[in-house]
Amino acid sequence: MGGDHCFLAGGNSRLVHALCDGVPVLYEKTVKRIEHGVDGVSITVEGGQVFQADMALCTVPLGVLKRGSIVFDPELPENKLGAIQRLGFGLLNKVAMVFPSVFWDEEIDTFGCLNKESSKRGEFFLFYSYHTVSGGAVLVALVAGEAALEFEKVDPVVTLHRVLGILRGIYGPKGITVPDPIQSACTRWGSDPLCCGSYSHIRVGSSGTDYDILAESVSEDRLFFAGEATNRAYPATMHGALLSGLREASRILRASQSRVDSDHKKYALQKSLRPPDGILEDLFTEPDLEFSRFSFVFSSMTPDDPQSMGLLRITLENPHLEGDQKDQEPAAEKEAHQKAFHLYAAISREQANQLQLAGDDDRGRLELLCKDLSVKLMGYDSTCDTGNSLILSIQSAQKARKRLRCPKDFKF
């Protein structure tokens with residue numbers, strides 16, 4: 001805990017507001033469930049609203065994790081659950097009082113008070129002077145330990161009288177009158193369901209390693225953790241929480257960049273596995289079934305098998321051809337035919353049979369294909385990218401059929 005202690009003029013909220021300037025913040029969204037996996041994170045808040053993201057950063061206090069008010073699906077790893085259980089989460093409450101004037105020594109920032117009873121040792125044991133940074137005569141009394149637990153059960157009015165009694169016991173013998181405060185406020189961090197306490201600490205059975213475990217991400221860098229209870233070097237401090245946020249921002253950036261790089265490599269691998277150019281033209285040189293504009297090739301050794309999967313090719317005229325090209329010489333017709341383009345689809349032999357029996361109307365066949373059979377038509381590139389395994393199996397089946405028809409042409 002080395003280094004200077006500082007007060008922020010106007011309160012800590014000034015720093016928070018400056019940091020979140022321009023950042024969209026949604027309030028009153030109490031998180032109830034966090035689903036995490038290699039595909040991303042889904043967060044459910046009270047009321048059933050769901051937020052989905054590639055990654056998420058969990059910064060809830062350790063007390064909330066201990067209480068189990070947030071359900072993690074799947075459950076957090078055993079070592080992280082153990083660290084949550086082992087680490088302590090203490091309670092420190094405060095009574096803030098605004099007085100008409102500063103009656104204490106203006107040159108001091110803090111002063112303390114000892115109590116003879118051990119059970120009350122943490123009751124108003126330390127006072128902070130905020131008059132130099134708050135703009136008013138503000139004094140804050142701290143309550144810790146067992147006294148902090150009891151403090152939350154007592155009426156605030158009774159609490160205030162106890163604090164004033166201690167202050168008057170300190171300054172009365174010095175001839176200084178302690179006035180009644182103009183305004184006062186009491187914290188109840190232990191009873192607050194969004195905190196369930198104040199600060200983490202190493203208790204019997206835990207160690208600094210537990211802080212490191214709590215800081216580990218889960219689900220292959222999809223769900224991250226920050227907060228003072230994840231900072232082994234500066235636990236239980238505001239700057240410790242801030243530094244943990246910077247640490248996780250760096251981790252999230254690295255994970256995101258790594259994922260992008262991995263996707264690029266994966267895409268490059270897929271492209272390298274893509275079938276060679278011209279393979280579809282070769283497959284449809286001798287189709288297994290053909291009628292009108294529809295041609296089919298199948299991956300089975302017995303193409304008539306209803307369950308055999310294959311490819312459909314629909315031949316369409318090039319819409320960019322001029323109208324007067326319909327009356328062409330045979331050579332020109334051949335050239336126009338070469339300029340025709342094709343659509344492809346993965347299809348079963350059973351579906352191909354349905355199309356063949358649907359009549360001679362190609363428009364009706366297309367409607368049956370797309371609407372009733374829900375078959376998706378694709379271009380050449382998409383077919384090669386998504387149907388690699390099917391294309392290769394059709395190619396293998398065609399080669400095997402040729403071997404059966406002409407075994408003498410093959411040497412083993």
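The buried residues of helix H11 are covered by elements that include E14, E15, E16, E17 and helix H12 (362–372). The model described here is predicted. Buried positions in H11 are Arg349, Gln351, Ala352 and Leu355. Viewed down the axis of H11, these buried residues fall within an arc of 160 degrees, so they line one face of the helix. Helix H11 itself (residues 349–356) lies across E14, strand E15 (294–298), E16 and E17, and runs at about 120 degrees to E17.

The strands beneath H11 belong to an open sheet of four strands in the order E14-E15-E16-E17, with antiparallel pairing. Strand E14 (289–291) and strand E17 (341–348) stand at the edges with a single partner strand each, so one side of each is left without a neighbour in the sheet. From one strand to the next, the twist averages 15 degrees. E14 pairs with E15 in the antiparallel sense over three bridges, and in this pairing glutamate 290 stands opposite serine 295 of E15. The hairpin of E14 and E15 has two residues between the strands, and serine 292 there takes a positive phi near 50 degrees.

E15 pairs with E16 through five bridges, again in the antiparallel sense. Phenylalanine 298 stands opposite glycine 310 in E16. Glycine 310 in turn stands opposite isoleucine 347 in E17. Strand E16 (residues 309–316) and E17 run antiparallel and are joined by eight bridges. Strand E15 is mostly covered, with five of its five residues buried. Phe294, Phe296 and Phe298 are buried on one side of E15, and Ser295 and Val297 are buried on the other, so that both faces of the strand are covered.

A second region is organised around another open sheet. Five strands form this sheet in the order E8-E9-E10-E7-E11, and the pairing is antiparallel. E8 and E11 stand at its edges, each with a single partner strand, so one side of each is left without a neighbour in the sheet. With direction ignored, neighbouring strands of this sheet are turned by 20 degrees against each other on average. Five bridges link E9 and E10 in the antiparallel sense, and the bridge partner of phenylalanine 127 in E10 is alanine 141. Helix H6 packs on the sheet and touches E7, E8, E9, E10 and E11, its direction making about 75 degrees with that of E9.

Strand E7 (residues 92–99) is joined by eight bridges to strand E10 (residues 137–144), and the two run antiparallel. Within this pairing, valine 98 stands opposite valine 138 of E10. Four bridges join E7 to strand E11 (residues 183–186), also in an antiparallel arrangement. The bridge partner of valine 95 in E11 is cysteine 186.

Helix H6 (residues 156–171) has 16 residues, which at 1.5 Å a residue should span 22 Å; its end C-alpha atoms are 22 Å apart, in agreement with this expectation. Its buried residues are Thr159, Leu160, Val163, Leu164, Ile166, Leu167 and Tyr171. Seen down the axis of H6, the buried residues fall within an arc of 155 degrees, so they line one face of the helix. An α-helix has 3.6 residues a turn, so residues three or four places apart point the same way. On the other side of H6, Val157 and His161 are exposed. The cover over the buried residues of H6 includes E7, strand E8 (110–112), strand E9 (123–129), E10, helix H5 (145–151) and E11. The N-terminal end of H6 is capped by aspartate 155, a side-chain oxygen of which lies 2.8 Å from the backbone nitrogen of valine 157.

Outside these two sheets, serine 219 was examined as a loop position. Serine 219 lies in the loop between helix H7 (208–214) and strand E13 (223–225). The relative accessible area of serine 219 is 19%, which is under the 20% cut-off, so the residue counts as buried. Not counting residues up to four places away in sequence, serine 219 touches His36, Gly37 and Val38. With histidine 36, serine 219 makes a polar contact between side chains, at 2.5 Å.

Definitions and conventions: Residues are numbered from 1 along each chain as its sequence is written. This is a predicted model: local features need pLDDT of at least 70, side-chain atom pairs count only at pLDDT 80 or more; totals for chains, interfaces and linings use all residues. Side-chain values use heavy atoms; hydrogens and water are left out. Two strands pair if DSSP finds at least two bridges between them. The expected span of a helix is 1.5 Å times one less than its number of residues. Buried means under 20% relative accessible area, exposed over 50%, partly exposed in between (1.4 Å probe, protein chains only). The arc is that of the directions from the helix axis to the C-beta atoms. Contact means heavy atoms within 4.5 Å. A polar contact is a pair of N or O atoms within 3.5 Å; within protein, one must be able to donate a hydrogen and the other to accept it, and residues adjacent in sequence count only if both atoms are side-chain atoms. Axes are lines fitted to C-alpha atoms, for helices over the stretch in contact, and angles run from 0 to 180 degrees between N-to-C directions.
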